[in-house]
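Here's a quick briefing to read alongside the structure. Have the viewer open and follow along topic by topic.

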Amino acid sequence: MKTTIFKLCVVLLLMVGLMLPVAANQIRQLTWPDLVPKVQAVEDPFKAMPQDQLKALGNIIWVRDRRVKKDKPLDDAMVEKAQALTQQLTEAGLDVDRLIAEYDELRRLNRRRIQPVAALDGQRIRMPGYALPLEFEDTKVIEFLLVPYVGACIHVPPPPENQVVHVLADKSFKVEGMYTAVWVTGEMSVGKITRNLYFADGSADVDAGYSLAASSVELYK
């Protein structure tokens, strides 16, 4: 009986050992929303605030931020204006300290929304997107930015860094214009990388929150 149980345990261990490499090599198919952290939605506490009060609060926060960062000098007039606006809002029945705390929390959540998802680091993934070439070799590219829509990074503010993937392909491939729809497969790395993108009338630095060592680049079908 003991021998039978021992043999059964050995068989089970062998089966688990054979299954592990398969699981490790599984490719996860992603969509662009998968690259955005899941952040709990909160109601905007400033949505119903009158414009003059919003402007006053913004001025107060601006002065506070300058004082904390010490990156720009503040003259007495700026400080006095912020103090007067604080008094004005307080007299209108508003808790300025609470509003500033709510603003800080909203800003923190918004910053989280543009950060990459750390759990994707080291995962083998497959995802679609548009290839925006960084370097051409005739009509072929080996390095490009993968972006979610046509027109990204050109003449408009670029997408947040968690919506840009820097791709290095194992082999160069032929593109069909500036935005070629592709599927990419490879290992994802999480971490900010900046690349200079050249176009007809200038250039711009674009931040990517992800990098992909692509073992395969296929035209989107």
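Two residues count as being in contact here when they have heavy atoms within 4.5 Å of each other. With that in hand, Lys192 touches Glu161, Asp207, Ala208 and Gly209, leaving out residues up to four places away in sequence. Keep in mind that this is a predicted model. The protein chain has 4 helices and 6 strands, and the picks below cover the helix packing and a handful of residues.

**The chain as a whole**

- Going along the sequence, the protein chain runs α-β-α-α-α-β-β-β-β-β.
- The protein chain has 221 residues, and 33% of them count as buried.
- About 14,200 Å² of the protein chain is exposed, with 57% of that coming from carbon and sulfur atoms.
- Take the contacts in the protein chain with a separation of 6 or more: 73% of them are between residues 24 or more positions apart.

**H2 against H3**

- Helix H2 covers residues 51-69 and helix H3 covers residues 76-91; they pack at an angle of about 135 degrees, with 9 Å between their axes.
- Angles over 115 degrees and up to 145 fall outside the parallel, antiparallel and perpendicular classes, so H2 and H3 are oblique to each other.
- The crossing of H2 past H3 is left-handed.
- On the H2 side, the contact uses Gln53, Ala56, Leu57, Asn59, Ile60, Trp62, Val63 and Arg67.
- H3 answers with Met78, Val79, Lys81, Ala82, Leu85, Thr86 and Leu89.
- Sorted by type, the residues in the contact of H2 with H3 come to 10 nonpolar, 3 polar and 2 charged.

**H2 against H4**

- H2 also packs with helix H4 (residues 96-113), this time at an angle of about 75 degrees and with the axes 11 Å apart.
- Angles of 65 to 115 degrees count as roughly perpendicular, so that is how H2 sits relative to H4.
- H2 brings Leu57, Ile60, Ile61, Arg64 and Asp65 to this contact, while H4 brings Val96, Leu99, Ile100, Tyr103, Asp104 and Arg107.
- The split for the contact of H2 with H4 is 7 nonpolar, no polar and 4 charged.

**Gln53, a residue of H2**

- Gln53 belongs to helix H2 and is one of the residues in the contact with H3.
- Buried means under 20% relative accessible area, so Gln53 makes the cut at 18%.
- Neighbours within four places in sequence aside, Gln53 is in contact with Leu89, Ala92 and Leu94.

**Val141 and Phe173, in E3 and E4**

- Val141 is in strand E3 and is buried, at 0% relative accessibility.
- Apart from neighbours within four places in sequence, Val141 has contacts with Pro133, Glu135, Phe136, Lys171, Ser172, Phe173 and Val175.
- Val141 and Ala169 are 28 residues apart along the chain, and their C-alpha atoms are 8.4 Å apart.
- Phe173 is in strand E4 (residues 165-174) and counts as buried at 9% relative accessibility.
- Not counting residues up to four places away, Phe173 touches Ala131, Thr139, Lys140, Val141, Phe144, Val182 and Val217.
- Phe173 and Ser216 are 43 residues apart along the chain, with 9.7 Å between their C-alpha atoms.

**Thr180 and Lys192, both in E5**

- Thr180 lies in strand E5, which spans residues 180-199, and Lys192 lies in E5 too.
- Thr180 is buried, with a relative accessible area of 2%.
- Lys192 counts as exposed, at 56% relative accessibility.
- Beyond its neighbours within four places in sequence, Thr180 is in contact with Gly129, Tyr130, Ala131, Val175 and Leu219.
- C-alpha to C-alpha, Lys192 is 9.4 Å from Gln115, and the two are 77 residues apart in sequence.

**Pro160, in a loop**

- Pro160 sits in the loop between strand E3 (140-147) and E4.
- Pro160 is partly exposed, with a relative accessible area of 35%.
- Pro160 and Ala208 are 48 residues apart along the chain, and 8.0 Å separates their C-alpha atoms.
- Ala208 is also one of the residues that Lys192 touches.

Terms used:
Residues numbered from 1 in each chain as written. Predicted model: local features only at pLDDT ≥ 70, side-chain atom pairs only at ≥ 80, totals over all residues. Heavy atoms only, no water. Axes fitted to C-alpha atoms, helices over the stretch in contact; angles between N-to-C directions. Helix = DSSP H or I, 4+ residues; strand = E, 2+ residues; numbered from the N terminus. Parallel < 35°, antiparallel > 145°, perpendicular 65-115°, else oblique. Left-handed = near helix turned anticlockwise from the far one by under 90°. Nonpolar A, V, L, I, M, F, W, Y, C, P; charged D, E, K, R; others polar. Buried < 20%, exposed > 50% of the residue type's maximum accessible area, 1.4 Å probe, protein only. Areas by Shrake-Rupley, 256 points an atom, 1.4 Å probe, with all protein chains shown as cover.
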